[in-house]
Structure formats: C-alpha cells, structure tokens
Amino acid sequence: MKFGVQLYSLRELAAREGAEAVLRTVAQAGYDGVEFAGFYDKTPDEMDALLKKYNLEPVSAHIGADSILPQMPYIDKLKIGNIFIPWVAKETFDDPEKFSAFCSQAADLQDLLAKKGILFGYHNHAHEFEDGQDRLARLLTALPWMKSELDVFWATVAGLDPVEYMKKLGDRLAFVHIKEAAKDALEQPQPIVGEGVVDMRGVFEEMKCGGIEWAVLEVEKYPCGEAEYLCRSLENMKKLAK
C-alpha cells in the first residue's frame with residue numbers, strides 16, 4: 001500500500017511558507033505521493049520540477065467539474081491519474097434538473113478523461129447522507145463508471161459505519177481518505193490516525209481485501225504540529241496496513 005497526503009491539509013503551511021515547504025514536509029515525513037487541491041499558482045513545469053525534486057507521485061487531484069478543463073495542462077504535464085470531484089451541493093442532488101445537468105457534465109468529462117486513461121470519481125462529505133438518504137449511491141447509480149473516494153471521517157460524522165459502507169461500495173471504491181475523528185467529531189482536532197473513534201483497523205483490513213492501493217491522509221484540525229502529525233500518522237498507518 002502507498003501513502004499520500006491531500007494537500008488541503010497543509011493549506012496553513014502553504015500560506016506561511018509556500019508550496020515547496022508543503023512538498024518538502026510531506027517528503028520528509030516519508031509519504032509516497034500527494035493529492036492536489038489547487039496548484040499554488042505554480043506553472044505545470046514548475047510544479048513538475050518540485051515533485052521530482054522531492055520524489056513525490058502526483059497520484060490524484062480534487063478538481064471541481066467546472067475547473068477540470070481549465071486545469072488540464074496540470075493534469076497532462078503531471079500525469080495525474082485520478083481526478084475526484086470534491087463537492088456537489090445537496091441542493092444539486094435534490095433538484096432533478098440540476099442533478100441531471102451535473103450528470104450530463106460529468107459524462108462529457110468522463111469521455112475526455114477516459115481517453116487519457118484517467119480514473120474519474122467523487123469525494124463525499126456528510127451531506128450526501130443527510131435526511132436518511134444516500135445521495136452518493138444515487139450518483140453512482142446514475143453514473144455507472146464513476147468511482148468513489150470514501151472519506152471515512154465524513155462517513156462517521158454522518159452516522160455510518162465506514163467499514164460496512166466500504167463493503168457496500170465494492171469495486172466502485174477506488175481511494176480512501178484516511179481522516180481520524182474525535183468523539184465530538186466536528187468540534188475537536190483530529191487525533192493521530194489510529195487514536196480516534198474511526199475503526200481504522202477495520203478500514204485498512206477492508207482496503208487490503210479490496211486491493212485499494214492508496215491511503216490518502218487528510219486533516220482538518222491538528223492536535224499538534226503538522227510535521228509531527230504526518231510522521232506519527234504514517235507510522236500508525238503502516239502498522240495498520242501490514
């Protein structure tokens with residue numbers, strides 16, 4: 001199994017010290033790759049050079065549907081193999097016309113990305129499961145080719161058992177966002193991975209059973225310094241992945 005970091009996790013470090021400090025921190029902590037959430041105003045060539053300098057694989061990116069075409073120069077230059085839409089509003093899911101329009105747009109993008117050999121998927125939050133509904137399942141039914149990047153933190157916040165939901169997804173599950181939760185999940189900093197309330201042992205067991213290659217760490221609120229969190233969480237994730 002390989003380990004990556006969703007770079008949204010290091011947005012405050014980026015604001016303080018810039019893109020290179022972010023990639024250097026990820027590399028020094030021992031991770032294999034990164035999942036982008038923007039490109040720090042670097043050109044595709046500049047970002048490619050930084051990734052090579054720190055030996056990090058640009059495994060995936062969070063890009064909104066409207067931004068995929070404008071950001072195609074980055075996707076092509078960096079050879080990003082997995083694109084995940086990070087957010088679709090609940091109102092879009094619940095309005096038939098808006099949902100149909102989104103699905104049509106996604107299908108057009110899939111035609112383009114599939115020709116390039118790029119996996120296209122969706123990253124959930126909690127609102128997909130509000131009101132007793134499963135909007136993620138509805139999306140995956142409407143778009144049979146679309147994959148899921150399940151965020152186990154948000155699944156937990158929504159009241160789901162993330163391990164059982166991973167089993168439900170089956171081969172539609174492509175990536176997993178490893179994000180720990182405290183007891184008061186939305187109010188507290190996230191504990192080090194493996195030290196919170198998410199069944200991380202079960203999550204990693206299911207990942208191994210499903211042949212999921214990448215575990216992508218994401219952090220909303222830190223209980224300690226960024227570098228310490230990344231190092232300690234990676235140590236625990238490697239133990240869980242054995």
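In the predicted model, the side chain of His62 forms a polar contact of 2.7 Å with the side chain of Glu149. His62 belongs to strand β3, which covers residues 57-62. With a relative accessible area of 11%, His62 falls under the 20% cut-off and is therefore buried. Leaving aside residues up to four places away in sequence, His62 touches Gln6, Glu35, Phe36, Ala37, Phe84, Pro86, His123, Glu149 and His177. Glu149 thus appears both among the residues touched by His62 and as the partner in the polar contact.

Helix α10 spans residues 200-210, and its buried residues are Met200, Gly202, Val203, Phe204, Glu206 and Met207. These buried residues pack against elements from several parts of the chain: the strands β1 (2-6), β7 (173-178) and β8 (214-217), and the helices α8 (152-157), α9 (162-169) and α11 (226-241). After α10 comes Gly211, which has a positive phi, near 70°.

The packing of α10 with α9 was examined further. The axes of α9 and α10 are 9 Å apart and meet at an angle of about 15°. Because this angle is under 35 degrees, α9 counts as roughly parallel to α10. The two helices, α9 and α10, cross in a right-handed sense. On the α9 side, the contact is made by Val163, Met166 and Lys167, and on the α10 side by Gly202, Val203, Glu206 and Met207. Of the residues in this contact of α9 with α10, 4 are nonpolar, 1 is polar and 2 are charged. The four residues contributed by α10 to the contact, namely Gly202, Val203, Glu206 and Met207, are among those buried in that helix.

A second helix pair is formed by α6 (residues 96-115) and α7 (residues 135-142), which pack with their axes 11 Å apart and at an angle of about 50°. An angle of this value lies neither under 35 degrees nor within 65 to 115, so α6 and α7 are oblique to each other. The crossing of α6 past α7 is right-handed. Phe99, Phe102 and Cys103 of α6 make the contact with Arg138, Leu139 and Ala142 of α7. The residues of this contact of α6 with α7 comprise 5 nonpolar, no polar and 1 charged. A right-handed crossing is thus found for α6 with α7 and for α9 with α10.

Notes: Residues are numbered from 1 along each chain as its sequence is written. This is a predicted model: local features need pLDDT of at least 70, side-chain atom pairs count only at pLDDT 80 or more; totals for chains, interfaces and linings use all residues. Side-chain values use heavy atoms; hydrogens and water are left out. Axes are lines fitted to C-alpha atoms, for helices over the stretch in contact, and angles run from 0 to 180 degrees between N-to-C directions. Angles under 35 degrees count as roughly parallel, over 145 as roughly antiparallel, 65 to 115 as roughly perpendicular and the rest as oblique. A crossing is left-handed if the near helix is turned anticlockwise from the far one by less than a right angle, and right-handed if clockwise. Contact means heavy atoms within 4.5 Å. Ala, Val, Leu, Ile, Met, Phe, Trp, Tyr, Cys and Pro count as nonpolar, Asp, Glu, Lys and Arg as charged, and the others, Gly among them, as polar. Buried means under 20% relative accessible area, exposed over 50%, partly exposed in between (1.4 Å probe, protein chains only). A polar contact is a pair of N or O atoms within 3.5 Å; within protein, one must be able to donate a hydrogen and the other to accept it, and residues adjacent in sequence count only if both atoms are side-chain atoms.
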